[in-house]
Structure formats: C-alpha cells, structure tokens
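Hi,

Here's the model I said I'd pass on. Have a look at it in your viewer first, then read my notes underneath.

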Amino acid sequence: MSVIVSAESRVAIVGISGRFGSFSVRDLRAYGTKVVAGVSQSRAGGSYEGVPIFGTIAEAVRDAGADVGLIYVPAEGALDAVLEAIESGCRAVVYPGDGLPVADAIELRAAAQAAGVWLIGPNTPGLISPGQSKVGFMPSHCYTPGPVGVISRSGSLSYEACKRLTLHGLGQTTVVGIGGDPVKGLTAGEAIELFHGDSATDRIVYLGEIGGVDEYAVAEYASRPEAKPVIALLVGKTAPPGKKMGHAAAMIGGHRDSWEAKVAALRAAGVRVATSLELLPKVTQDAK
C-alpha cells in the first residue's frame, strides 16, 4: 500500500493557514512526512514553519515537487479544490472533510478515476504507512510498522483498533481510512486489492459498520482461493433500523444493511470475524 504514501511522498497542504492545516504542518513533519508546500491564496509568497506557501496547488506541484495533496477546505469549496489537485498532477489526494454533497463526491470519484489518481475521502482521517509517512490527522502513537494492512470506515475505531494491535506486536503496513460517506474516493474493494498486491502485507483487517456495501466487497475478495487472510470487526449491532449512526452511510435501510446480514456474509466467505475490540488482536494473530 506504499503505492499511495511512502517515505518519498511529498505533501502539499491546501488550507495551510487554517486550524487543521497549521496543525498538520507540525504534526506531519514531526512524524517524518515530507511537507514541501502549503497553498493559500491570501498568503501566497510567504511561509509557515519554513514551508513555502503558494497561491495554487498547481504551483506547489510545479515549483516544490508536491505529489500528494491534503485538502483542508470547507465542503462548499471542496469540489473545486480537489479537482484542482487532481488536474495539477498529484498522484494522490486526501480530503478529510465532512458534509460533502453526494453529487460532488460522485464527480470527484469519476475525475480521480479518469486521471488515475488515488482519492482518499471524504470523511476520513487519511492514511498512514507507519514508519514512513502519514497524510492525515490520526494519532501517531497508535501505529507501528508491521505486516497487517488495515481498512476502516471509521477514524476513531481505527485508532483504537490499531493501538490494540500495536500493543500485541501486530504492526501495520498501511492503515487507510476510506471514510463513512456513501460515495468514496477509494472503496473497501479497491483498497483490499491494493493490499492483495502488496508483498509486505500478509493479512488484512477490515473495520466496518452497518449500512453501505463495502462489507460485501470484502466478502467477495475473501472468498477467492488466492485471498490473503481477512479479519473483520463490525460495529452497529444494536443500531435501530432507519437511524443514521454517526456516518452518512451507517444506516439500516433493509436486512442487507444490518450487522447480522453482513457478519453472516463475511463468515460465509471465510473472514475471521472478531466480535469485540478486545478479541481483535487474538483473532488477527491466529489468522495465518
């Protein structure tokens, strides 16, 4: 999965002068991520913490060699900002923002696919390849290098799960937050194929929830004879039908969306399902 972010990734932060942007400059650099540029029309020509600021991400790509865009702008400006990053030559773009209209998400996913760009988000903490680079705001101390690939629809769940894996000696190759919105830049099915092709990953942990179809893509992968071991933890077992539970896509609209249906499908495909966070490390350890 270092195909998306690695020690060589060069990050430009769009919205560097905002609260999240200025925090990320310090946080990402402290982790070792190469933050080479910021983008802010109002502060172009200046710098922040020694990072040069450009007026557009196209200039950051051209003049600072940025190849990954981290986009911190409000939802109403996200469509233009992410499209600009895609069209400027970034090979990966992370948009953590919440509240992106579905129509905008559809347009961004189509644009990223047409350009061959990895789009992570919306509604994501980003992704991290422990010991190499992170592009997002996840707490660094939860992660350590190792052979486990992690895909998560929930940011906070991924922090807790990976901390527990780390404490049990189960490090991670890459942890990617695919986000909790109905339309995603990178789906679970696409992410699991990347882990399948990653020689450093020997098993895959999927952290899912009710609603949506990502869990069925994971089950489809796990049913293949050549699939790597897959472990899953799903939340939302007690969620009432018709109530959105935190994420836009986490809602039971029918039986197929329910915890019971998804767990049954995953188990039938050969996925090892952990029924609690406490059991996740042991189930992961045993999946060889």
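Below is what I found, going sheet by sheet and then into the cores and the odd backbone spots.

Before anything else: this is a predicted model, so please read all of the values with that in mind.

**The first sheet**

There's an open sheet of seven strands with mixed pairing, and the order across it is β3-β4-β2-β1-β5-β6-β7. At its edges sit β3 (47–48) and β7 (118–120), each of which pairs on one side only.

Strand β1 (residues 10–14) is a good place to start looking. On one side, β1 pairs with β2 in the parallel sense over five bridges, and R10 has K34 as its bridge partner in β2. β1 also pairs with β5 (residues 68–71), again in the parallel sense, this time over four bridges. There, V11 finds its bridge partner in V68.

How much of β2 is buried? Five of its six residues are, so the strand is mostly covered, going by the under-20% cut-off for relative accessible area. Helix α2 (residues 57–64) lies across β1, β2 (34–39), β4 (51–54) and β5, and runs at about 140° to β2.

One more residue to click on here is A92, which is found in strand β6 (residues 92–94). A92 is buried, with a relative accessible area of 1%. Leaving aside residues up to four places away in sequence, A92 touches I4, D67, V68, G69, V117 and W118. V68 is the residue that bridges to V11, so you can step from one to the other on screen. If you want a longer distance to check your numbering against, A92 and S156 are 64 residues apart in sequence and 23 Å apart in space, C-alpha to C-alpha.

**The second sheet**

Another open sheet, also of seven strands and with mixed pairing, runs in the order β9-β8-β11-β10-β12-β13-β14. Its edge strands are β9 (133–136) and β14, and each of them pairs on one side only. Within this sheet, β10 (residues 145–152) and β11 (residues 172–177) pair in the parallel sense over five bridges. The bridge partner of I151 in β11 is V176. Helix α7 packs on the sheet, where it touches β12 and β13, and its direction makes about 155° with that of β12.

**The α7/α8 pair**

How do α7 and α8 pack? Their angle is about 15° and their axes are 8 Å apart. That angle makes α7 roughly parallel to α8. α7 passes α8 in a left-handed crossing. The contact is made by E215, Y216, V218 and A219 on the α7 side, and by A261, K262, A265 and L266 on the α8 side.

As for α8 itself (residues 259–268), its buried residues are W259, A261, K262, V263 and L266. A261, K262 and L266 also take part in the contact with α7. The cover over the buried residues of α8 includes β12 (203–209), α7 (214–222), β13 (230–235) and β14 (272–273). After α8 comes G270, with a positive phi near 100°.

**The nonpolar cores**

Which residues have the most contacts inside the largest nonpolar core? I151 and V176 do, in a core of 44 residues. They are also the bridge partners mentioned above. The largest share of this core, five residues, comes from helix α6 (residues 188–196). There's also a second, separate core of 30 residues, which includes V14, V39, I71 and A81.

**Backbone oddities**

Three spots to check if you plan to use the backbone angles:

- The peptide bond from G121 to P122 is cis, with omega near 5°; P122 lies in the loop between β7 and β8 (126–129).
- N123 is in the loop between β7 and β8. N123 is not a glycine, but has a positive phi of about 60°. With 17% relative accessibility, N123 counts as buried.
- E49 is not a glycine either, and has a positive phi of about 55°. E49 lies in the loop between β3 and β4, and at 47% relative accessibility E49 counts as partly exposed.

Cheers

Key:
Residues numbered from 1 in each chain as written. Predicted model: local features only at pLDDT ≥ 70, side-chain atom pairs only at ≥ 80, totals over all residues. Heavy atoms only, no water. Pairing = 2+ DSSP bridges. Helix = DSSP H or I, 4+ residues; strand = E, 2+ residues; numbered from the N terminus. Contact = heavy atoms within 4.5 Å. Axes fitted to C-alpha atoms, helices over the stretch in contact; angles between N-to-C directions. Core = buried A, V, L, I, M, F, W, Y, C linked by side-chain atoms within 4.5 Å. Buried < 20%, exposed > 50% of the residue type's maximum accessible area, 1.4 Å probe, protein only. Parallel < 35°, antiparallel > 145°, perpendicular 65-115°, else oblique. Left-handed = near helix turned anticlockwise from the far one by under 90°.
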